[in-house]
Amino acid sequence: MGFNCGIVGLPNVGKSTLFNALTQTAAAQAANYPFCTIEPNVGRVAVPDERLDVLATIAGSAKIIPTQLEFVDIAGLVAGASKGEGLGNQFLGHIREVDAIAHVLRCFEDDDITHVAGSVDPIRDMEIIETELMLADLDSLEKRLPAQQKKAKGGDKDAAAEAAVMEPVINALRDGKPARAVKLDAEDSLILKRMQLLTAKPVMFVCNVAESEAATGNKHTETVQKLAREQGATGVIISAAIEAEVAQLADPAEKQEFLETLGLKETGLVRVIASGYSLLDLVTFFTVGPKEAHAWTLHRGGKAPEAAGVIHTDFEKGFSRAETIAYVDYVACKGENGAKEAGKLRLEGKDYVTQDGDIFHFRFNV
């Protein structure tokens with residue numbers, strides 16, 4: 001699994017259309033009225049990676065298995081969601097369960113599609129959603145802080161550490177800043193992550209534009225991109241309408257030709273995945289053999305035993321060594337045997353930090 005990304009936004013901004021296109025399903029009902037999505041729809045898509053095809057060709061792998069990205073289509077939020085408006089509490093609960101947020105913003109004009117606020121203004125829309133998420137986080141922390149402070153006075157070190165993180169976050173939220181804006185060290189960041197705050201999650205702004213503006217963007221996307229840079233978030237320009245059309249094309253050559261006529265080199269899915277990987281700081285490693293070439297995902301900084309655990313928990317428990325070949329060496333040496341002969345296969349231990357593109361064969365004892 002690559003990562004779990006919740007698609008959020010106001011009603012009628014193109015969330016469900018985008019979800020359907022990205023997952024190539026019609027599981028989510030896309031309709032021109034609010035709350036057409038009541039339960040979160042979940043779809044998994046393969047993560048495109050040209051390296052996997054190259055490795056499979058060299059190894060003569062019978063099967064190719066890419067890593068996956070999970071999208072969760074969460075119903076449209078509205079002002080007052082933190083107080084339960086528009087089934088808000090239910091939807092906010094779904095957001096807590098995802099790793100990152102893809103915030104879809106309407107950046108196109110279309111008189112035939114009603115905007116819940118009456119006009120197109122992506123910054124206003126973003127602020128509506130962000131305010132509701134901040135209010136929900138503030139309410140949660142203000143209820144939890146007194147109990148942690150009481151425990152801390154009684155000598156509970158864990159409660160004291162948690163309270164010390166809560167206090168600056170509460171102050172930030174009261175100032176209208178999300179939890180992710182608070183600067184914390186690595187240890188405190190882990191404490192914050194365990195709190196499952198909505199505004200602590202990394203955010204990707206997805207600018208949904210008209211087909212004619214997918215390659216160039218427009219005045220709305222310029223303001224969103226500027227905001228993303230200021231917030232340390234990422235921004236992606238995509239046309240849900242184009243993605244819906246591309247999803248209907250089975251032939252890869254036909255897809256590429258269609259994209260090129262629109263001035264695009266790749267689908268929006270590829271850009272969303274690249275942005276998501278950057279957002280969550282993920283790396284991809286591979287296992288390769290005659291049976292299959294398989295891509296796996298791990299957070300950057302994860303060590304070899306953690307990578308082994310992604311494949312199977314027993315691999316991590318009994319981890320001994322990782323036979324490791326860098327992708328560039330595997331390709332240059334035309335496979336595992338060539339890499340061994342060239343001295344490019346390394347035996348790495350428990351402290352080895354996984355690098356993007358590593359090809360592993362794990363040794364373990366159960």
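**A mixed sheet, a packed helix and two pockets**

Six strands make up an open sheet here, running in the order β2-β4-β1-β5-β6-β7 with mixed pairing. Keep in mind that this is a predicted model. Beyond the sheet, there are two pockets to look at: the largest holds about 950 Å³ of space, and the second largest about 720 Å³.

**The sheet**

- At the edges sit β2 (41-46) and β7 (234-238), and each of them pairs on one side only.
- Going from one strand to its neighbour, the turn is 25° on average, with direction ignored.
- Take β5 (residues 100-106) and β6 (residues 203-208) as a sample pair: the two run parallel and are joined by 6 bridges.
- Within that pair, Ile101 has Val203 of β6 standing opposite.

**The helix on the sheet**

- Helix α1 (residues 15-23) packs on this sheet and touches β1 (4-8), β2, β4 (68-73), β5, β6 and β7.
- As for its orientation, the direction of α1 makes about 40° with that of β2.
- Helix α1 turns up again further down, since it is one of the elements that supply at least two residues to the lining of the second largest pocket.

**The largest pocket**

- If you want to find this one on screen, go to Ser189, Lys193, Ala200, Lys201 and Pro202, which lie nearest its centre among the 29 lining residues.
- Helix α6 (186-194) provides the largest share of that lining, with 5 residues.
- Both α6 and α10 (268-280) put in at least two residues each.
- Sorted by class, the lining of the largest pocket comes out as 16 nonpolar, 6 polar and 7 charged residues.

**The second largest pocket**

- Here the lining has 27 residues, and those nearest the centre are Pro48, Lys255, Thr267, Leu269 and Val270.
- Quite a list of elements supplies at least two lining residues each: α1, β2, α2 (50-59), α8 (240-247), α9 (252-261) and α10.
- Of these, α9 gives the most, with 4 residues.
- The class split for the lining of the second largest pocket is 16 nonpolar, 4 polar and 7 charged.

**Links between the parts**

- Edge strand β2 is touched by α1, and β2 also supplies at least two residues to the lining of the second largest pocket.
- Helix α10 serves both pockets, with at least two lining residues in the largest and at least two in the second largest.

Notes:
Residues are numbered from 1 along each chain as its sequence is written. This is a predicted model: local features need pLDDT of at least 70, side-chain atom pairs count only at pLDDT 80 or more; totals for chains, interfaces and linings use all residues. Side-chain values use heavy atoms; hydrogens and water are left out. Two strands pair if DSSP finds at least two bridges between them. Axes are lines fitted to C-alpha atoms, for helices over the stretch in contact, and angles run from 0 to 180 degrees between N-to-C directions. Contact means heavy atoms within 4.5 Å. On a 1 Å grid over the protein atoms alone, a cavity is a set of points where a 1.4 Å probe fits but cannot get out, and a pocket is an open set with protein on both sides within 12 Å along at least five of seven lines; lining residues have an atom within 4 Å of a point. Grid points are joined across faces, edges and corners, and a volume is the space filled by probe spheres set on the points. Ala, Val, Leu, Ile, Met, Phe, Trp, Tyr, Cys and Pro count as nonpolar, Asp, Glu, Lys and Arg as charged, and the others, Gly among them, as polar.
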